[in-house]
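Welcome! Take a moment to turn the model around on your screen, and then use the notes below as a guided tour.

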Amino acid sequence: SEGYQCEVVAPNLIPEMAGARVKTDRKDAQKLATYAMKDLLTIVHVPTEEDEYERDLTRSRSFVQDQLKMLKNHIQSNLRRAGISYKEENEKKNYWTDDYLKWLRGKIASLPEGALKTNTTMLLTFFYQQKELLQNYDFELKKLCESEKYSA
């Protein structure tokens with residue numbers, strides 16, 4: 001607003017000479033002025049508030065994906081403790097495929113009423129909810145990627 005040009009420089013991309021770590025404001029200012037004059041500084045884009053919200057969308061998707069992975073591991077651990085093994089029964093090696101989920105739903109249905117059946121049912125319901133949430137994040141991120149701002 002005062003008419004001064006202001007650029008933000010990536011601090012980790014400022015060139016440094018090995019062993020020359022004198023820390024004074026005057027010398028730092030001289031060094032930065034010299035680097036700026038020689039065009040050796042990397043200018044970075046300062047994200048807007050909207051940019052940060054978009055980055056949060058990506059971070060949240062990653063968070064949900066990590067939760068889904070932990071949930072899958074948790075379900076597998078519960079099944080192992082109960083002596084239920086997909087690989088031994090079907091000689092198939094891939095978990096979390098459509099065949100596996102069909103087998104798991106059938107296995108849960110055949111369990112006697114009790115804590116194991118209740119817990120596995122609730123965990124599988126949560127799995128489907130998390131999977132749907134992840135798909136929603138993917139849809140929103142795809143829309144964002146196709147927006148004019150990111151189409152270039």
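Let's begin with charge: the protein carries 24 positive and 24 negative side chains, and the centres of these two sets are 9 Å apart. Please keep in mind that this is a predicted model. Its secondary structure consists of 5 helices and 2 strands, and the order from the N terminus is β-α-β-α-α-α-α.

**Overall shape and surface**

- The radius of gyration of the protein is 27 Å, whereas a compact globule of 152 residues would have one near 15 Å.
- Along the principal axes, the C-alpha atoms fill a box of roughly 75 × 40 × 25 Å.
- Of the 152 residues, 22% are buried.
- The exposed surface comes to about 11,900 Å², and carbon and sulfur atoms supply 54% of that area.
- Among contacts with a separation of 6 or more, 59% are between residues 24 or more positions apart.

**Helix H1 and the loop after it**

- Helix H1 covers residues 25-37, which is 13 residues.
- From its first C-alpha to its last, H1 reaches 18 Å, close to the 18 Å expected at 1.5 Å a residue.
- Asp39 follows H1 and sits in the loop between H1 and strand E2 (43-44).
- The phi of Asp39 is positive, about 60°, although Asp39 is not a glycine.
- Is Asp39 buried or exposed? Its relative accessible area is 65%, so Asp39 counts as exposed.

**Helix H2 and its buried residues**

- Helix H2 runs over residues 49-81.
- Its 33 residues should span 48 Å at 1.5 Å a residue, and the end C-alpha atoms are indeed 48 Å apart, so the two values agree.
- The buried residues of H2 are Asp51, Glu54, Arg61, Val64, Leu68, Leu71, Ile75, Gln76, Asn78 and Leu79.
- Here is a handy idea for reading such a list: an α-helix has 3.6 residues a turn, so residues three or four places apart point the same way.
- Which helices do the buried residues of H2 pack against? They pack against helix H4 (98-110) and helix H5 (115-145).
- Just after H2 comes Gly83, with a positive phi of about 75°.

**A closer look at Arg61**

- Arg61 belongs to helix H2.
- Why does Arg61 count as buried? Its relative accessible area is 19%, and the cut-off for buried is under 20%, so Arg61 falls on the buried side.
- Leaving aside residues up to four places away in sequence, Arg61 touches Leu134, Tyr137, Asp138 and Leu141.
- Among these partners, Leu134, Tyr137 and Leu141 are on the list of buried residues in H5.

**Helix H5**

- The 31 residues of H5 should span 45 Å at 1.5 Å a residue, and its end C-alpha atoms are 44 Å apart, which agrees.
- Buried residues in H5 include Lys117, Thr120, Leu123, Leu124, Phe127 and Gln130, and Leu144 is another one of them.
- The cover over the buried residues of H5 includes H2 and H4.
- Leu133 also lies in H5, but Leu133 is partly exposed, with a relative accessible area of 33%.
- How far apart in space are Leu133 and Leu68, C-alpha to C-alpha? The distance is 9.9 Å, although 65 residues separate them in sequence.
- Lys142 is another residue of helix H5, and Lys142 counts as exposed because its relative accessibility is 51%, where the cut-off for exposed is over 50%.
- Between the C-alpha atoms of Lys142 and Ser62 there are 14 Å, while the two residues are 80 apart in sequence.

**Trp96, between two helices**

- Trp96 is found in the loop between helix H3 (86-90) and H4.
- Although Trp96 is not a glycine, its phi is positive, about 65°.
- Is Trp96 buried or exposed? With a relative accessibility of 16%, Trp96 counts as buried.

**Worth finding on your screen**

- Look for H2 and H5, and see how the buried residues of H2 pack against H4 and H5.
- Then visit two loop residues with positive phi: Asp39, which is exposed, and Trp96, which is buried.

Methods. Residues are numbered from 1 along each chain as its sequence is written. This is a predicted model: local features need pLDDT of at least 70, side-chain atom pairs count only at pLDDT 80 or more; totals for chains, interfaces and linings use all residues. Side-chain values use heavy atoms; hydrogens and water are left out. Helices (H or I, at least four residues) and strands (E, at least two) are DSSP runs, numbered from the N terminus. The radius of gyration is taken over C-alpha atoms; the globule rule is 2.2 Å times the number of residues to the power 0.38. Buried means under 20% relative accessible area, exposed over 50%, partly exposed in between (1.4 Å probe, protein chains only). Contact means heavy atoms within 4.5 Å. Accessible areas come from the Shrake-Rupley method with a 1.4 Å probe; for residues, only the protein chains shown count as cover. Lys and Arg count as positive and Asp and Glu as negative; His and the chain ends are not counted. The place of a charge is taken as NZ of Lys, CZ of Arg, CG of Asp or CD of Glu. The expected span of a helix is 1.5 Å times one less than its number of residues.
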